[in-house]
Structures are given as C-alpha cells and as structure tokens.
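Let's take a walk through this structure together. Have a look at it first, and then we'll stop at a few spots worth a second glance.

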Amino acid sequence: MATPPSTPPLPSAPIVLAGATGDLGFRIARELLKRGATVRALVRPGNSKPEVTELQDLGAEIATVDFNSVTALTKACAGAACVVSALSGLREVIVDTQKRLLDAAVAAGVPRFIPSDYCIDYTKLPAGSNRNLDLRREFNQRLDQAPIQATSILNGMFTDLLTGQAPVVLFGMKRVLYYGDADQPLDFTTTANTAEFTAAAALDPTTPRYLRVAGEVASIRGLQAAATAVTGTPFKLLRVGGLWVLGTMISVTKTIMPAPDEVFPPWQGMQYLHNMFTGLPKLTPLDNARYPEISWTSVREVLAARN
Ligand SMILES: NC(=O)c1ccc[n+]([C@@H]2O[C@H](COP(=O)([O-])OP(=O)(O)OC[C@H]3O[C@@H](n4cnc5c(N)ncnc54)[C@H](OP(=O)(O)O)[C@@H]3O)[C@@H](O)[C@H]2O)c1
C-alpha cells in the first residue's frame, strides 16, 4: 500500500467535472462539495435531468457547454485545479469527446486531468480483449503525451452490479455462477466508494499516474460465503465451464445480439467478467489507505442491502 500523503490544503480553484449528471459523476460532485470544494459541472445544452437542479441546490456551479467545441470547453475549464471526467459512452465519448476536453484543459492551463476509467486494470490486458477498455487505453495514450498531470482511478467492478446486472450471485437459485477458478481473487468497489476516492484524488495534487482501489477483494468462494451469510441459506457453486466456454458464449452472444451502439450490451458485461476471471487485470498494489477517511463497503453489506 502507498503511504498516505498528509491532507493537502483545499484548492480554492474549482474542480471541473464532466458527466456530473450521470450516476458516478453526480456522486463525485456530491463528495467534492462535502469536502468544501468548488465544483463546476459541465452540462450539455438542453439537459433537463433533475440532477442539474439537484447539483445547483447542492452548491455546484453549472456551466452549460457545447462538448463539440474546444473553444467553449476551454472557457469552461478556465482557472480549474483539475478536470475530472465521469463521461460514459463509446468511441465518440471516451476517445473523441474526452480528447476535446483534454485539449481544452491543456489550453486553459489546468494542471491535472482524471479520465473516465473507473474499471479493472486494462494496462495489464492485451489490446483487443475488451472493446470498452480498448477505448480507454487509446484515450490514455493520448493523455500520456499531453502536458498535464494525469491520474486514472482503477476500481475493479462496481460491487453494486452484484445485485443488479452481473449474473453471478443468483439469489433465486441459491447459486453462485462462475467460469474457470472459484479461488481467483476479484476486485469489487461500490460506486459510492469510487466516487469518494475520486473526489479525494481530485483534491490531491500529489497523485501518481494510476491509483488502484478495491472495496473488497473476493473470490467466487468468498461471494458464496457472503451470499450464504446474508441470506441464512446455503448457496452452492455453479461452475458452467472453463474460461473457453465463456469465451464461446461471448462470441455467440455478440453474433446474435451485436448491439454495436450500446455501451454495455450483454456480451460486454460477459467480456468484463471473462477478463476478471483470467486474473490478468487484478489490481495490485492497492492504494486504499491513501485517504484513510474512506470506509470501504464490503460485498456482504452490498448483498445484504439488496431490495
Ligand atoms: N467498474 C464498473 O463496474 C463500472 C460500472 C458502471 C460504470 N462504470 C464507469 O463509470 C463511468 C461513469 O459511468 P456512469 O454509469 O456514471 O454513466 P452514466 O450514468 O450513463 O452518465 C454518463 C454521463 O456522461 C454524460 N455524457 C454522455 N455522453 C456525452 C456526450 N457525448 N457529451 C457530453 N456528456 C455526455 C451524460 O450526460 P447527459 O446527462 O447529458 O446524458 C452523463 O452525465 C464510466 O467510465 C463507466 O464506464 C464502471
């Protein structure tokens, strides 16, 4: 674990936040404001989501900006201490829009940039093994060449997905479904903890290029124990097959349901799990202790809080 830095003085310069109307971005804004930071939320023209008013009510400054214009983005980045992106999308967002945001941050003289990564450690995955992570790698290659201090936050899978989209803990069947090795360590961090950590990192001028966190490192057997403990009913393991079986299922799903314009089609979620089950993108070493005020939510707590 890295040595926690002494708490840096709060920058009076604003933190510019792109994607503040999204799930993670809104939470980052709230965490920044809780810490006394000035937040300038970049919002697309015509955005009528309730989050815009909520951000304003919380004390964020709303900057309505054309994300296609580097000039407009540069004006919106003026005087900022850090630009944080929590944008979500495919190439046009993760590569193209973030490039414009980066160019704007550099033109405005902003010293620091946090890209919208928030994922498993794609730096250890071969190119071509995960479409969404390839886009992040591509953007980060550009980021590495820019005259700005960059920090990527890598947090594994959002733990919240275990009670949502990720078909792993099957509460109805009392099974934990997996492929490959039930003892492979996997990284999970809640969206809330990721937001807290990102806010702390945005306010910390000494961050390194990568920060890796995991609210809990759990194997499939660990998930089985957690599900059994919170429900009081024994969960069994359901091994569908080796990783090659999941690989084949991904190819088939991609063929019959390609959904090329969806950010998270079913095959993308399966791909994410496949990557995790290989162990390649395991986060290490962990920087959880860098901001000791953060209390990490366990898998068990997330499973217990399911509806
Ligand atoms: N590790 C994990 O398990 C995990 C899980 C989920 C998400 N994530 C990551 O977390 C990050 C945030 O995801 P999220 O779920 O919070 O996303 P989200 O709720 O869909 O929010 C996306 C945000 O991006 C904005 N946006 C989208 N396209 C845009 C564009 N072309 N121009 C300007 N703004 C645009 C949206 O603005 P509007 O309000 O105008 O639409 C919104 O503020 C992403 O990097 C995502 O991959 C990680």
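Between which two helices is the loop that holds P285? Keep in mind as you look that this is a predicted model. P285 sits in the loop that runs between helix 9 (266-278) and helix 10 (299-304). Check the backbone just before it: the peptide bond from T284 to P285 is cis, and its omega is near -10 degrees. That's worth a pause, since most peptide bonds are trans.

Now for a different backbone feature. Most residues other than glycine have a negative phi. Y118 isn't a glycine, yet its phi is positive, at about 45 degrees. You'll find Y118 in the loop between strand 5 (112-114) and helix 5 (131-145). Is Y118 buried or exposed? Count the neighbors: 24 other C-beta atoms lie within 10 Å, so Y118 is buried.

K174 also has a positive phi without being a glycine, with a value near 55 degrees. Its loop connects strand 9 (169-170) and strand 10 (175-179). Here 16 other C-beta atoms fall within 10 Å, so K174 counts as partly exposed.

Last stop, the ligand. There are 23 residues around it, and T21, G22, D23, L24 and S88 come nearest. Helix 1 (23-34), helix 4 (91-107) and strand 8 (157-158) are the elements that each give two or more residues to this shell. Which of them gives the largest share? That's helix 1, with three residues. As for the chemistry, the shell has 10 nonpolar and 10 polar residues, plus three charged ones.

Terms used. Residues are numbered from 1 along each chain as its sequence is written. This is a predicted model: local features need pLDDT of at least 70, side-chain atom pairs count only at pLDDT 80 or more; totals for chains, interfaces and linings use all residues. A residue is near a molecule or strand if its C-beta atom, placed from the backbone, lies within 6 Å of it. Helices (H or I, at least four residues) and strands (E, at least two) are DSSP runs, numbered from the N terminus. Ala, Val, Leu, Ile, Met, Phe, Trp, Tyr, Cys and Pro count as nonpolar, Asp, Glu, Lys and Arg as charged, and the others, Gly among them, as polar. A residue is buried if 20 or more other C-beta atoms lie within 10 Å of its own, exposed if 12 or fewer, and partly exposed in between; C-beta atoms are placed from the backbone.
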